[in-house]
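Colleague: I'm new to this one, so please pick a single part and take me through it slowly. I'd like the terms explained as we go.

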Amino acid sequence: MKKVLVGLVQKLFGADIKYRWVDAYFPFTQPSWELEIYFKGSWLEILGCGITRNEILDRAGVQNSIAYAFGVGLERLAMILFDIPDIRLFWSTDSGFLNQFRDDRIVKYKPISSYPQCTNDLSFWLPEGMSVEQFALNDFYDIVRNVGGDIVEQVTLIDRFTHPKTGKSSLCFRIVYRHMERTLTQAEVNIVHAKIGSELVETYRVSIR
């Protein structure tokens, strides 16, 4: 059992990870242990395990057998893999936290502001003859970041539309603004948002909707 669980930890954190077993107590196992790893200068509990008590197996109708049980603290694993400093963040519904993570890769958590978000949508028609596929999304993101600076927290494409009669295409982006040190007013966000729209019109000749 211990060999299997050490292999799991080494698979997650590397073969050179420093670990130790600590005697523990759990009501359903005897003997019982906790597996800790040395992480960022201190020992961190990763999982608990043990040999299942005989009386539990007897009640289940299992005779002449040995079983083991273990439980992994998934939140603690995620805290290590994603560099998340506070376990309470896992209960957050803040999009600034949730949108940092994807199913297909491990990324390092970037601290978010404790101040409220301001969300504005920006919708515009593309120039005549330009399709949605031809519009350079990365260039748009650069404009938003250059104008909005550090108060731009998220930029998300939320809608694509092509008019069935005119053939003109439209895009709609949701921009989330937030300051790290103070609360932004909607009025000052609107000023920045309007500047982004003006820059977009000048650069791409789009028409704001």
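Modeller: What follows is a close look at a sheet, strand by strand, and then at a few places beyond it. First, some ground rules: this is a predicted model, so local features need pLDDT of at least 70 and side-chain atom pairs count only at pLDDT 80 or more, while totals for chains, interfaces and linings use all residues. Numbering starts from 1 along each chain as its sequence is written, and side-chain values use heavy atoms, with hydrogens and water left out.

To get your bearings, the protein chain is assigned domain 1 (1–72) and domain 2 (118–208); these bounds come from an automatic or database domain assignment. The centres of the two domains, taken over C-alpha atoms, are 51 Å apart.

Now the sheet. Its four strands follow the order β6-β7-β5-β8, and they form an open sheet with antiparallel pairing. Here strands (E, at least two residues) and helices (H or I, at least four) are DSSP runs numbered from the N terminus, and two strands pair if DSSP finds at least two bridges between them. On the edges sit β6 and β8, each of which pairs on one side only.

Let's start with β5, residues 118–125. Six of its eight residues are buried, so the strand is largely enclosed by the rest of the structure. Buried means under 20% relative accessible area, exposed means over 50%, and partly exposed lies in between (1.4 Å probe, protein chains only). On one side β5 pairs with β7 (residues 169–177), antiparallel, over eight bridges; look for D121 standing opposite R174 in β7. β5 is also joined to β8 (residues 207–208) by two bridges, again antiparallel, with W125 partnered by S207 in β8.

Move over to β6 and you'll find nine antiparallel bridges to β7. Among the partners, F161 is matched with S170 in β7, and D159 with C172 in β7. β6 and β7 make a hairpin with six residues between them, and G167 in that turn has a positive phi of about 80 degrees.

What about the cysteines? C118 is buried at 9% relative accessibility, and C172 is buried too, with a relative accessible area of 12%. A disulfide is counted when two cysteine sulfur atoms lie within 2.5 Å. The closest cysteine sulfur to that of C118 is in C172, 17 Å away, which is too far for a bond. By this rule the disulfide count is zero.

β6 has another part to play, in the largest pocket, which holds about 590 Å³ of space. Its lining has 21 residues, and the closest to the centre are G96, Q100, K110, E153 and Q154. Two elements give two or more residues to that lining, α4 (95–98) and β6 (152–162), and β6 has the largest share, with five. By class, the lining has six nonpolar, seven polar and eight charged residues.

Some small print on that pocket. On a 1 Å grid over the protein atoms alone, a pocket is an open set of points with protein on both sides within 12 Å along at least five of seven lines, whereas in a cavity a 1.4 Å probe fits but cannot get out; lining residues have an atom within 4 Å of a point. Points are joined across faces, edges and corners, and the volume is the space filled by probe spheres set on them. Ala, Val, Leu, Ile, Met, Phe, Trp, Tyr, Cys and Pro count as nonpolar, Asp, Glu, Lys and Arg as charged, and the others, Gly among them, as polar.

Finally, a few backbone spots outside the sheet. Q30 and P31 are joined by a cis peptide bond, with omega about 0 degrees, and P31 is in strand β2 (residues 29–39). N64 isn't a glycine, yet its phi is positive, about 55 degrees. You'll find N64 in the loop between α2 (54–59) and β4 (68–72), exposed at 85% relative accessible area. D83 also has a positive phi, near 60 degrees, without being a glycine; D83 lies in the loop between α3 (74–82) and α4 and is partly exposed at 31%.
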